[in-house]
Amino acid sequence: MSTATPRTGLEATVTEDPRTDHMDAVRLTDLHKSFGDVTAVDGVDLTISPGEVVALLGPNGAGKTTTIDMILGLSRPTKGDARVFGMSPRRAADRGLVAAVMQTAGLLPDITVRETVQLTASLFSHRIDAEEAMHRAGVTDFASRIVKKCSGGQQQRLRFAMALVSDPALLILDEPTTGMDVEGRRSFWEAIHADAERGRTIVFATHYLEEADAFADRIVLMRHGRIIADGTVTALRERLDR
């Protein structure tokens with residue numbers, strides 16, 4: 001999320017923002033993750049520069065979500081190393097440099113969209129205005145609606161507003177439009193694309209080639225836990241058309 005960390009009774013000391021240090025946003029080195037006899041990620045090497053919009057593209061079971069979990073510090077590698085702005089994922093998360101929009105995440109069903117974003121904002125000592133976050137996420141028009149009465153696409157845009165409220169250096173989205181209709185996906189990506197133009201680093205996992213094609217500067221194609229292609233949208237299309 002940003003250089004801020006959630007309040008824990010004492011205001012956190014805000015340290016220098018690594019976004020100004022010209023370091024890699026994400027660096028994964030020989031990353032492996034196994035669950036018993038099942039290898040989910042098998043030797044991933046990946047570097048993402050600040051300001052890039054990168055799609056992790058692949059079918060279900062390709063290793064995308066497991067890779068994202070390790071970038072977020074939600075899971076520890078079996079082998080290898082993950083760095084986010086030059087530090088461990090957990091430290092980057094503790095400093096509020098990373099935010100995520102997941103396929104599903106707990107929302108309080110009986111409060112409004114505006115109250116949800118305001119509550120999220122209250123957790124951070126450094127934050128943008130809740131109304132600005134809602135505007136940028138495209139939720140202002142239904143801000144007074146009770147969360148449980150929002151559509152799936154509206155709830156995903158609400159999660160996006162919650163992620164934006166602390167102005168993260170790195171925004172990660174894991175299959176964010178799964179289950180949305182065409183209009184919901186279109187409006188959601190319009191909001192994401194507008195925010196990406198501000199220079200934020202964005203990494204998103206998808207199994208929709210058209211999403212990767214439309215919104216990513218670079219596509220990382222994954223299969224069976226490995227990266228099998230990595231390049232610009234044009235270069236990858238040329239490779240797939242051969």
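In what sense do strand E1 (residues 26-35) and strand E2 (residues 38-48) pair, and over how many bridges? They run antiparallel to each other, and eight bridges hold the pairing. What you're looking at is a predicted model, so treat this as a quick tour of what the prediction shows. Elsewhere, six strands make up an open sheet with mixed pairing. The notes below go from the strands to the helices, then to a pocket and two loop residues.

**The E1, E2 and E4 strands**

- Start with the hairpin of E1 and E2, which has two residues between its strands.
- In that hairpin, Gly36 takes a positive phi near 65°.
- To see the E1 and E2 pairing up close, find Arg27, whose bridge partner in E2 is Thr47.
- E1 is also joined to E4, by five bridges, and those two strands run antiparallel.
- A handy spot to check this is Thr29, which has Asp81 as its bridge partner in E4.

**The six-stranded sheet**

- Reading across the open sheet, the order of the strands is E5-E6-E7-E3-E8-E9.
- Its edges are strand E5 (98-101) and strand E9 (226-232), each of which pairs on one side only.
- From one strand to the next, the twist averages 15°.

**Strand E3, inside that sheet**

- E3 covers residues 53-57, and five of its five residues are buried, so the strand is mostly covered; buried here means under 20% relative accessible area.
- In a regular strand, side chains alternate between the two faces of the sheet.
- On one side of E3 you'll find Val53, Ala55 and Leu57, while Val54 and Leu56 are on the other, and all of these are buried.
- With strand E7 (residues 201-206), E3 pairs in the parallel sense over five bridges.
- Val54 is one place to look for that pairing: its bridge partner in E7 is Val203.
- With strand E8 (residues 218-223), E3 again pairs in the parallel sense, this time over four bridges.
- Two residues of E3 show the link to E8: Ala55 has Ile219 as its bridge partner, and Leu57 has Leu221.

**Helices H5 and H6**

- Ala163 sits in helix H5 (residues 152-164).
- Is Ala163 buried or exposed? It counts as buried, because its relative accessibility is 4%.
- Ala163 and Val117 are 46 residues apart along the chain, and their C-alpha atoms are separated by 9.2 Å.
- Helix H6 (residues 182-196) has 15 residues, which should span 21 Å at 1.5 Å a residue.
- The end C-alpha atoms of H6 are in fact 21 Å apart, so the helix agrees with the expected span.
- The buried residues in H6 include Gly184, Arg185, Ser187, Phe188 and Trp189.
- Further along H6, Ala191, Ile192, Asp195 and Ala196 are buried as well.

**The second largest pocket**

- Rolling a probe the size of a water molecule over the atoms shows where empty space is left.
- How much space lies in the second largest pocket? The figure is about 240 Å³.
- Its lining is made of 13 residues, and those nearest the centre are Ser75, Arg76, Pro77, Ser88 and Pro89.
- Strand E4 (79-84) and helix H2 (89-94) each supply at least two residues of that lining.
- E4 gives the largest share, with four residues.
- By type, the lining divides into five nonpolar, four polar and four charged residues.

**Two loop residues with positive phi**

- Most residues other than glycine have a negative phi.
- Phe85 has a phi near 50°, which is positive, and it is not a glycine.
- You'll find Phe85 in the loop between E4 and H2.
- Because its relative accessible area is 2%, Phe85 is buried.
- His224 also isn't a glycine, and its phi is positive at about 55°.
- This residue lies in the loop between E8 and E9.
- Is His224 buried or exposed? It counts as exposed, because its relative accessibility is 65% and the cut-off for exposed is over 50%.

Conventions. Residues numbered from 1 in each chain as written. Predicted model: local features only at pLDDT ≥ 70, side-chain atom pairs only at ≥ 80, totals over all residues. Heavy atoms only, no water. Buried < 20%, exposed > 50% of the residue type's maximum accessible area, 1.4 Å probe, protein only. Pairing = 2+ DSSP bridges. 1 Å grid on protein atoms, 1.4 Å probe; cavity = no way out; pocket = protein on both sides within 12 Å on 5 of 7 lines; lining within 4 Å. Points joined across faces, edges and corners; volume = space filled by probe spheres on them. Nonpolar A, V, L, I, M, F, W, Y, C, P; charged D, E, K, R; others polar. Expected span 1.5 Å × (residues − 1). Axes fitted to C-alpha atoms, helices over the stretch in contact; angles between N-to-C directions.
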